[in-house]
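Work through the exercises below with the model open beside you. Each task is followed by a stepwise solution.

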Amino acid sequence: MIRLRRASERGHTNLGWLDSRHTFSFGDYHDPDQMGFGHLRVLNEDRVEPKEGFGTHGHRDMEILSVVLSGSLEHKDSLGTGSVIRPGDVQWMSAGTGVTHSEFNPSSRAPVHFLQIWIVPDRTRLRPEYGQKSFPPEERQGRLCLVASRDGREGSLTIHQDASVYSTVLDKGRKVVHHPAAGRRAWVQVALGAVALNGEALEAGDGAAVSDEKSITLSGRGEGSSE
C-alpha cells in the first residue's frame, strides 16, 4: 500500500527569513492525522535567506539529520562542534540528555535549502553526540546509498534507532529497487526533481508512506537529476 503526502498538503511556516514546509506536525502547525510515520517524527523542508538562521536553541532525546540540497549551513553547538555543511553532506546530532545549537546561512547572496529529519531514539537520556559525513552525488548515482543506520554499516552515520536512511540520485530513466524485509515499512521523500514510485508520479516535495509492498521501485522522471 502506498499513501501519498503531496507537497501542497504540507504545513507551511513563512517568517520572511525562513520558508518551511512541514510533512508532519511541527511548531504552530498541528494536524492530529500527521504526527509522524513510525519512528520518523519530523520531516521539514527549509529555505533560509542569506545571513539569517536559527539562533541558539535546545533539543533533547531526538536523532536529528540535516541534509543540504543547495547553499551552505553553518552549525555550532554546546559540544564544541563548529562546521559548515554543503550539498552531499549529511549531519547527525543525537540530542540525548540535552544540547544547544545554532544553524546559520553564512552566505551573503544565496539562500540555503535543506531537509531536517528527526527520528525518535530507541532510548532516552543518551550522551549527546555529533557526526558529519559527505556522500557525493557520484556515490549515490543510480544506487541506494546508505547514509544513516543503527549499526553504521557501509560507512553510514550511526543513529540510535532501528532505522535505515538511504539517498539516491536518479537521471531520467534510471531506477533503483528496494526489497523491504518482512514487517518493514518505508517513507519515500522526493527532495529534488521528479520520480515514479511503483509507477506513481511524484514531484519535488512529495512524500509517500509505503507498507506491505514486496518491492519499491524508484525511477527518475525529470529532465535533470532527481534526489
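The model is predicted. The opening exercise starts from one serine.

**Exercise 1. Ser83 and its surroundings**

Task: List the contacts of Ser83, leaving aside its neighbours within four places in sequence. Then place Ser83 in an element and decide whether Ser83 is buried or exposed.

Solution:
- Step 1. With neighbours within four places in sequence set aside, Ser83 is in contact with Leu73, Glu74, His75, Gln91, Tyr130 and Gln132.
- Step 2. Look for a polar contact. The side chain of Ser83 makes one with the side chain of Gln132, at 3.0 Å.
- Step 3. Locate the residue. Ser83 belongs to strand E8.
- Step 4. Apply the cut-off. Buried means under 20% relative accessible area. Ser83 has 15% relative accessibility, so Ser83 counts as buried.

**Exercise 2. Strand E7 and its partners**

Task: Sort the side chains of strand E7 by face. Then find which strands pair with E7.

Solution:
- Step 1. Recall the rule. In a regular strand, side chains alternate between the two faces of the sheet.
- Step 2. Apply it to residues 73-77. Leu73, His75 and Asp77 point to one face and are buried. Glu74 and Lys76 point to the other face and are not buried.
- Step 3. Take the partner E8, residues 82-85. E7 and E8 run antiparallel and are joined by 4 bridges. Glu74 stands opposite Val84 in E8.
- Step 4. Inspect the link. E7 and E8 form a hairpin, with 4 residues between them. In the turn, Gly80 has a positive phi of about 95°.
- Step 5. Take the partner E10, residues 99-104. E10 pairs with E7 over 4 bridges, also in the antiparallel sense. Here His75 stands opposite Glu103.

**Exercise 3. Positive phi outside glycine**

Task: Find the signs of phi for Lys51 and Arg125. Then place both residues in their loops and give their exposure classes.

Solution:
- Step 1. Set the expectation. Most residues other than glycine have a negative phi.
- Step 2. Check Lys51. Its phi is positive, near 60°. Lys51 sits in the loop between E4 and E5.
- Step 3. Classify Lys51. At 48% relative accessibility, Lys51 counts as partly exposed.
- Step 4. Check Arg125. Its phi is positive too, about 60°, although Arg125 is not a glycine. Arg125 lies in the loop between E11 and strand E12 (129-134).
- Step 5. Classify Arg125. Exposed means over 50%. Arg125 has 56% relative accessibility, so Arg125 counts as exposed.

**Exercise 4. The two pockets**

Task: Describe the largest pocket by volume, central residues and lining class. Repeat for the second largest pocket.

Solution:
- Step 1. Take the volume. The largest pocket holds about 1,200 Å³ of space.
- Step 2. Find its centre. Of its 43 lining residues, Ser164, Val165, Tyr166, Ala186 and Trp187 are the closest to the centre.
- Step 3. Assign elements. Those giving two or more residues to this lining include strands E4 (40-48), E6 (63-70) and E9 (89-94). E17 gives the most, with 4 residues.
- Step 4. Sort by class. The lining of the largest pocket has 26 nonpolar, 11 polar and 6 charged residues.
- Step 5. Move on. The second largest pocket holds about 220 Å³. Of its 16 lining residues, Leu18, His22, Phe26, Asn44 and Phe54 are the closest to its centre.
- Step 6. Finish this lining. E3, E4, E5 and E11 each supply at least two residues. The classes are 5 nonpolar, 8 polar and 3 charged.

**Exercise 5. Two buried strand residues**

Task: What are the locations, exposure classes and contacts of Leu40 and Ser167?

Solution:
- Step 1. Place Leu40. Leu40 is in strand E4 and is buried, with a relative accessible area of 15%.
- Step 2. Collect its contacts. Not counting residues up to four places away in sequence, Leu40 touches Phe24, Ile117, Trp118, Ile119 and Trp187.
- Step 3. Compare sequence and space. Leu40 and Glu63 are 23 residues apart in sequence, and their C-alpha atoms are 9.6 Å apart.
- Step 4. Place Ser167. Ser167 is in strand E15 and is buried, with a relative accessible area of 14%.
- Step 5. Collect its contacts. Neighbours within four places aside, Ser167 is in contact with Arg140, Arg143, Leu144, Cys145, Val147 and Glu227. With Arg140, the side chain of Ser167 makes a side-chain polar contact at 3.0 Å.

Notes
Residues are numbered from 1 along each chain as its sequence is written. This is a predicted model: local features need pLDDT of at least 70, side-chain atom pairs count only at pLDDT 80 or more; totals for chains, interfaces and linings use all residues. Side-chain values use heavy atoms; hydrogens and water are left out. Buried means under 20% relative accessible area, exposed over 50%, partly exposed in between (1.4 Å probe, protein chains only). Two strands pair if DSSP finds at least two bridges between them. On a 1 Å grid over the protein atoms alone, a cavity is a set of points where a 1.4 Å probe fits but cannot get out, and a pocket is an open set with protein on both sides within 12 Å along at least five of seven lines; lining residues have an atom within 4 Å of a point. Grid points are joined across faces, edges and corners, and a volume is the space filled by probe spheres set on the points. Ala, Val, Leu, Ile, Met, Phe, Trp, Tyr, Cys and Pro count as nonpolar, Asp, Glu, Lys and Arg as charged, and the others, Gly among them, as polar. A polar contact is a pair of N or O atoms within 3.5 Å; within protein, one must be able to donate a hydrogen and the other to accept it, and residues adjacent in sequence count only if both atoms are side-chain atoms. Contact means heavy atoms within 4.5 Å.
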